[in-house]
Amino acid sequence: MQTNKKTGSEMNIISVVTNWYLPYWPLFLILLVLGLAIAWAYLKYFSVPTYETHATIMVKDEKKGVDESGVLEALQIYPTKNIVENEIEVIHSRKLMEKVIEQLHLYAPIYEDAGNKGKLTPTSAYTSSPITIISRNPDELKETGDSDVYFLVNYFANNNAGEFKELNKLKVKDVVIKNKTYPIDQWVTTPYGELKFVENQKQVDTPGGQMYFQLVKPKNMAPSIIAGLEVKPASKLSSTMDLTLRDEVPQRGEDILNKLLLVYNRLSIEEKKGTAANTLDFIENRLVKVEREMDSIEQKIQNFRTEKGVVDLSAQSRQYLDNVGNNDRKMADLSMQLASLNEMERFVNSKDNRADMLPSAIGITDPVLTDMMGKLYNAKVEYEKMMKSTGENNPFALATAKEIEQLRPLILDKLKSQRMNLQASKDDLASISGGYNSMLRTIPQKERELMTISREQATKKSIYNYLLEKREQSALASSSAISDSKIVDMANTSPEPVSPKKMLVYLATLVVTMGLGIGLVSAKEMLNKKILFRSEIEGLTVVPVIAEISANKENESLLKTGSKTSVVAEQFRHLRAALGLISRQRDMKIKRILITSSISSEGKTYISTNLSRSLALAGNKVVLVDLDIRKPKTSSIMGVVDKPGVAEFLEGDKKPEEIIGRTMDENLYIISAGNGQDNARELILGGKLKTLVAYLTEKFDYVILDASPIDPVSDSYIFSEFCDLTLFVMRHNRTPKIMVQMLDDNNKFKALKNPHIVFNGIRSRGIMKGMYGYSYGYGYENVYREKQRRRSKLQSV
């Protein structure tokens, strides 16, 4: 960004901003007042206050705090081990939020029309509506979309003192929608599905305007509520989670969070009960089968005793029978363990990563295998949870799936090793039992047959008792299932709204209005295609700027006042001093000065007339020559437009001394343009102009030549050969930048002798006219102040 003032050292940023934008302080003030008014109106009539509701829940994380899964492991039921990060995703899941929406009937929000409570936007009627709308099947209700369904509520007449009045709330009679009346507390068929209108138990306010409702499916409502829900751990080492929900109705925010916590806990309990139920189903099936086998054996013993007449066995036979029975029971245990291993292998080889059916670990005493199976089950449970709330490409889901695939081969190897050990033990027991059987062959046939049947009965009885014990343990686990989380703090809402924050809104308004003001000022001045600053001239051309002339009223011209102390006199005194400095630098006397410009209306006539008067006031004998034969504005200003001048001289009708006229200043003379013909250019090229300039140079101290602009007329560069110095006039907010850019490459401009630029017509910047200008300010501000001081002094006198 360029500035309009230079000093010996670089200006700091504060000075730059002050000089650039301070002149426009009224604009900034207007924008600020307007912005603050808009912000106030927004806060008063359009913004809806948002409250923040907080709740706290503690999760039993296996990595943090106490692990309470030992009881379930003792019952040989795989416990669910939670991780805080995963539970955060579960609480954030759409599945839980949809259940909350269904249970709180949030799929049918009711609003009060705009204009209520001093707001120009609709407000929620969660605590002011006399009714609540319930859908029989929320997932299939017909959504209203952008349409608002207005309704009226009729009340029972309150004639009987207090009969229908409770807490100043009248009892609702029916609801009217589109001229159709629907009863209260009954399922009715509406254009939007099967609905029921019930009294709102949360009503604490009286509705202040017309009410309407909308219907949104829970799956479409859930994302908007989840967007305002934030769940995060209290700290890195804590298993406590903080839940925060933002809602415009404090009561609704508390209801949502409280219901969400209850739904989350209920989900955890249901998962535990499901695990215990699967184990009970397995045990019950085994018990039915074993009972059937025991009945068959008992019937066989009864038939054998009846047919064979066997009453008792010998002591030796009983001892063998006990030994063989013990071996058979051990073999039965081994068989059950092998069956459990088969169930485990089936569960491990399942490729769908689901944990629907849990294998029983009955009889398995290897803690390593039990722990590995528990980890696999927990991984499948976590993966299944994630699949319900996230996609397959979720990083946590991919990590869990990878963990499952890593556990499978380890468990299969362990199962294989366990099966080999159990099979070897079973083979050993079978060998021992064979030895006992050989001994039993020495016992009478009847007694041996009875012993065989009794041994089978004892084995089945042992298995039956074992299954009964495990069934009681599983039933105990199911009945004592508790949630893996504990609610630390129920939902509580902040007493003051957290949004919108008034100070933040006003601060943002201040920033926006200031930015808008800066943008408008920058766009006005930086996007202007006209020259505004002296620095722009110096950046576009190598031609030096010799002086800056501020814009003045016509009555302040030196021709009108002749004052030597006015602002105009001071500015042209600077220009006059600059001419003297150039004379000394070039070691030559500058007497002939050509004044021209690029286009019309840049003030070359103003510069030429006032410079001439300034030089004359300094005691110099000056002649001002109007060479703009086509538009002789200088002649018109000096009052000699009808007198013979340059044109007549060039035509040979007049001599030099005959065309020189006097003015009111004894040192200032004027030569008019004359009444030229259409062949003015040819006359100029004739060579007589050189004779005139030579004559004037000899007779006067200064010869000021006021020529026409170099574009589109080409006379000016022809005059340059008769001059010592060329003053090229540029006007503030008039001269195009493109014209300045072309100066260095313009052949006509290159033909000008010793060119210097006069920056003319500099005006005050900003809305309030004053001393903030576009120039560098070589003391003009002080002159302006002095002029104002003198005017005030004269007025006071």
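This briefing walks through the helix contacts, the two sheets and the confidence of the structure above. The model is predicted, and the protein averages a pLDDT of 77, with 78% of the residues scoring at least 70. One open sheet has 8 strands with mixed pairing, and another open sheet has 6 strands with antiparallel pairing. Keep the structure open and follow along!

**Helices α2 and α12**

- Start with helix α2 (residues 25–46) and helix α12 (residues 502–526), whose axes lie 9 Å apart and make an angle of about 145°.
- The crossing of α2 and α12 is right-handed.
- On the α2 side, the residues in contact include Leu27, Phe28, Leu31, Leu32 and Trp40.
- On the α12 side, those in contact include Val505, Tyr506, Leu510, Met514 and Ile518.
- Sorted by class, the contact of α2 with α12 has 17 nonpolar residues, 4 polar ones and 1 charged one.

**Helices α5 and α6**

- Next, look at helix α5 (residues 94–104) and helix α6 (residues 218–227), whose axes come within 9 Å and cross at roughly 110°.
- Because angles of 65 to 115 degrees count as roughly perpendicular, α5 is described as roughly perpendicular to α6.
- From α5, the contact is made by Arg94, Met97, Glu98, Ile101 and Glu102.
- From α6, the partners are Pro218, Lys219, Met221, Ala222, Pro223, Ile225 and Ile226.
- By class, the contact of α5 with α6 has 8 nonpolar and 4 charged residues, and no polar ones.

**The antiparallel sheet**

- A quick reminder before the strands: those of a sheet pair through backbone hydrogen bonds, either parallel or antiparallel.
- In this open sheet, the 6 strands follow the order β3-β2-β12-β5-β8-β9.
- The edge strands are β3 (123–124) and β9 (180–183), and each pairs on one side only.
- Strand β2 (residues 110–112) runs antiparallel to β12, and 3 bridges join them.
- Here Tyr111 stands opposite Tyr212 in β12.
- Strand β12 (residues 211–213) also pairs with strand β5 (residues 149–155), in the antiparallel sense over 3 bridges.
- Find Phe151 and you can spot its bridge partner in β12, Met211.
- Strand β5 pairs with strand β8 (residues 172–177) as well, in the antiparallel sense over 4 bridges.
- For Leu152, the bridge partner in β8 is Val176.

**The mixed sheet and helix α16**

- The 8 strands of this open sheet come in the order β16-β23-β22-β17-β21-β18-β20-β19.
- Its edge strands are β16 (545–550) and β19 (661–662), each of which pairs on one side only.
- Strand β17 (residues 592–597) and strand β21 (residues 702–706) run parallel and are joined by 4 bridges.
- Across this pair, Arg592 stands opposite Val703 in β21.
- Helix α16 (residues 604–617) packs on the sheet, and the strands that α16 touches include β16, β17, β18 (622–626) and β21.
- The direction of α16 makes about 170° with that of β21.

**Where confidence is low**

- Over residues 1–11 the pLDDT stays under 50, and the model has 24 contacts for them beyond four places in sequence.
- Residues 770–797 also have a pLDDT below 50, and this stretch has 51 contacts in the model beyond near neighbours in sequence.

Notes
Residues numbered from 1 in each chain as written. Predicted model: local features only at pLDDT ≥ 70, side-chain atom pairs only at ≥ 80, totals over all residues. Heavy atoms only, no water. Axes fitted to C-alpha atoms, helices over the stretch in contact; angles between N-to-C directions. Helix = DSSP H or I, 4+ residues; strand = E, 2+ residues; numbered from the N terminus. Left-handed = near helix turned anticlockwise from the far one by under 90°. Contact = heavy atoms within 4.5 Å. Nonpolar A, V, L, I, M, F, W, Y, C, P; charged D, E, K, R; others polar. Parallel < 35°, antiparallel > 145°, perpendicular 65-115°, else oblique. Pairing = 2+ DSSP bridges. pLDDT = per-residue confidence, 0-100.
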